[in-house]
Amino acid sequence: MRPERLLPLIVATALFIENMDSTAIATSLPQMALDLGVEAVSLKLALTTYMLALAVFIPISGWVADRYGARPTFMAAIAVFLLGSLACAASGSLGTLVAARFLQGVGGAMMVPVGRLVLLRSVPKPELVRALSWLTIPALLGPMLGPVLGGFITTYSHWRFIFLINIPMGLLGIWLAWRHVPLLRSQVGPLDWRGFALTSCGLALAIFGFATMGRHLVGMPVAVGCVLLGFALLGLYGLHARRHPHPLLRLDLFRLPTFRIGVIGGSLFRIGVGATPFLLPLMLQLGFGLNPLQSGLLTFTSAAGAMFMKTLAARIIHRFGFRPVLVANALLASLFLCGFGLFRADTPYPLIVGVLLASGCFRSLQFTSLNAIVYADVDDARMSQASSLAAMAQQVSLAMGITIGGYALSMASVATGRPMDAAINFTFAFLTVGLVSASSLAMMLRLSPDAGAEMSGRARPGKEVAEPKPTPRPGT
């Protein structure tokens, strides 16, 4: 099998276990909350803590892969993720579950970004969109199987077994990586430890503070203090990065228009969409009275639509180009997201399935386009840094999506005076996150008409695509 097909399938094993784990947990949140003796909305901490660990350790994933080699880093990351899965299965309280999810996130932080870096450095740019589609098709089996398996296990057994179902696939991924993933070791300078300390502590404090403002685990004053201190540390990193010769995160990458628009606009889009795996199962189970299996059988259709679209994404981007696709999809996907809030307990199931299926198609095309356009003008020397920075931004935005979705649901309950599981509260929550997702349109419209022409295959024969020149800093 050619590398542009074999390597994505190997990396997809990591995406498979990560996505299946996350979607299976989301389906089982109400039952997990009942067993742990906490409110269902408080379990957003189990989701955001995982993403917090990703955001903290993703920035050094590229350096570790360059220093020790992509193959051993990828194998070790899967092993750490599996250890975290075992710890989650053994947890008996919200605190221990959150700690175990953090350990999972440490493995995930190295696992997926390093796998993506292998593709970026091994596959030619004209083949990259197709390779990313090959990567995502098997990986989407995780979101398809996750809700159904999670619902089945929770309904007929115990939710703890959810964390054990990814062990066989993880072991297979380790073996395949040992056999086929290239070493890809590069010469790198010393790690920017001060930058790592500032970004890791800043992101951890800010995300933890936002997630706990609902008075889960810590009080409101502590949560607000964490947010303020986190932003202060991130501001200090911005000053540090301007002076350091080899900063941990190269903020000058944002001078590339495609990178800047792809990361910032993509983050806004993911904030809205990131709330869906949290809000939708709660609405179906707490609001509509479905059991976990019934909920999983409905929500998996969104992943089925996403998987179908991956087979067409490269051709659509080639036909229309990145800018029209990103603009149209941002609007359509956001409208479908707002429409989730119109579901009611008596809504016909075929209608729910149809809406979720179409939503998955548009969302999948948007993600594929965003994941490609970010790297359209990044040179090979900065590819590792770009991969780490883009992946970190993705996880921060997804964590913020879950947090904002939880707050919107709580605030709607206060405003309406109805119990949190009332259908009207989910209407307001989905409207809120849908509007946040739609705000990404402002960034997508700034793309030039020929953005990513080489990557989409729309560049004219014999004509090279001019790379944007970075704007010089004042005084340089």
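A pocket here is an open set of grid points with protein on both sides within 12 Å along at least five of seven lines, and its lining residues have an atom within 4 Å of a point. I keep that in mind as I go, and I note that this model is predicted.

**Entry 1: the second largest pocket**

I started with the second largest pocket. It is lined by 20 residues. I looked for those nearest its centre and found Leu203, Leu234, Met392, Ala393 and Val396. The space inside comes to about 470 Å³. Next I asked which elements give two or more residues to this lining. They are helix H10 (193–211), H11, helix H12 (257–274) and H18. H18 has the largest share, six residues. Then I sorted the lining by class. I counted 17 nonpolar residues, three polar and no charged.

**Entry 2: Met392**

Met392 lies near the centre of that pocket, so I looked it up by itself. Met392 sits in helix H18. Is Met392 buried or exposed? Its relative accessible area is 11%. The cut-off for buried is under 20%, so Met392 counts as buried. I then listed its contacts, leaving out residues up to four places away in sequence. Met392 touches Ala55, Ile58, Pro59, Leu203 and Leu249. I checked Pro59 further. Pro59 and Met392 are 333 residues apart in sequence, but their C-alpha atoms are 6.6 Å apart in space.

**Entry 3: the largest pocket**

I moved to the largest pocket. It holds about 620 Å³ of space. Its lining has 31 residues, and His246, Pro247, Leu248, Arg250 and Gln385 are the closest to its centre. Helix H4 (61–68), helix H11 (220–243) and helix H18 (383–416) each give two or more residues to this lining. By class I found eleven nonpolar, ten polar and ten charged residues. The second largest pocket, I recall, has no charged residues in its lining.

**Entry 4: a cavity**

How many cavities of 30 Å³ or more does the structure hold? I found four. I picked the second largest, with a volume of about 60 Å³. Its lining is Gly262, Val263, Ser267, Arg270, Leu370, Asn371, Val374, Ala390, Ala393 and Gln394. H12, helix H17 (349–373) and H18 each give two or more of these residues. H12 gives the most, four residues. The classes are five nonpolar, four polar and one charged. Ala393 lines this cavity, and Ala393 also lies among the residues nearest the centre of the second largest pocket.

**Entry 5: nonpolar cores**

I looked at the largest nonpolar core. It has 107 residues, and Leu43, Phe259 and Phe430 touch the most other members. Helix H6 (residues 94–122) supplies the largest share of this core, twelve residues. A second, separate core has 19 residues, among them Ile261, Ala330, Phe367 and Met443. I went back to Phe259 for its contacts. Not counting residues up to four places away in sequence, Phe259 touches Leu253, Phe254, Val374, Val378, Ala386, Leu389 and Ala390. Val374 and Ala390 also line the second largest cavity.

**Entry 6: helix H16**

Last, I tested the length of helix H16, residues 322–339. Its 18 residues should span 26 Å at 1.5 Å a residue. The end C-alpha atoms are 25 Å apart, so the two values agree. Which residues of H16 are buried? I listed Phe322, Val325, Leu326, Val327, Asn329, Ala330, Ala333, Ser334, Leu337, Cys338 and Gly339. One of them, Ala330, I had already met in the second core. I added a reminder on helices: an α-helix has 3.6 residues a turn, so residues three or four places apart point the same way.

Note on methods
Residues numbered from 1 in each chain as written. Predicted model: local features only at pLDDT ≥ 70, side-chain atom pairs only at ≥ 80, totals over all residues. Heavy atoms only, no water. 1 Å grid on protein atoms, 1.4 Å probe; cavity = no way out; pocket = protein on both sides within 12 Å on 5 of 7 lines; lining within 4 Å. Points joined across faces, edges and corners; volume = space filled by probe spheres on them. Nonpolar A, V, L, I, M, F, W, Y, C, P; charged D, E, K, R; others polar. Expected span 1.5 Å × (residues − 1). Buried < 20%, exposed > 50% of the residue type's maximum accessible area, 1.4 Å probe, protein only. Contact = heavy atoms within 4.5 Å. Core = buried A, V, L, I, M, F, W, Y, C linked by side-chain atoms within 4.5 Å.
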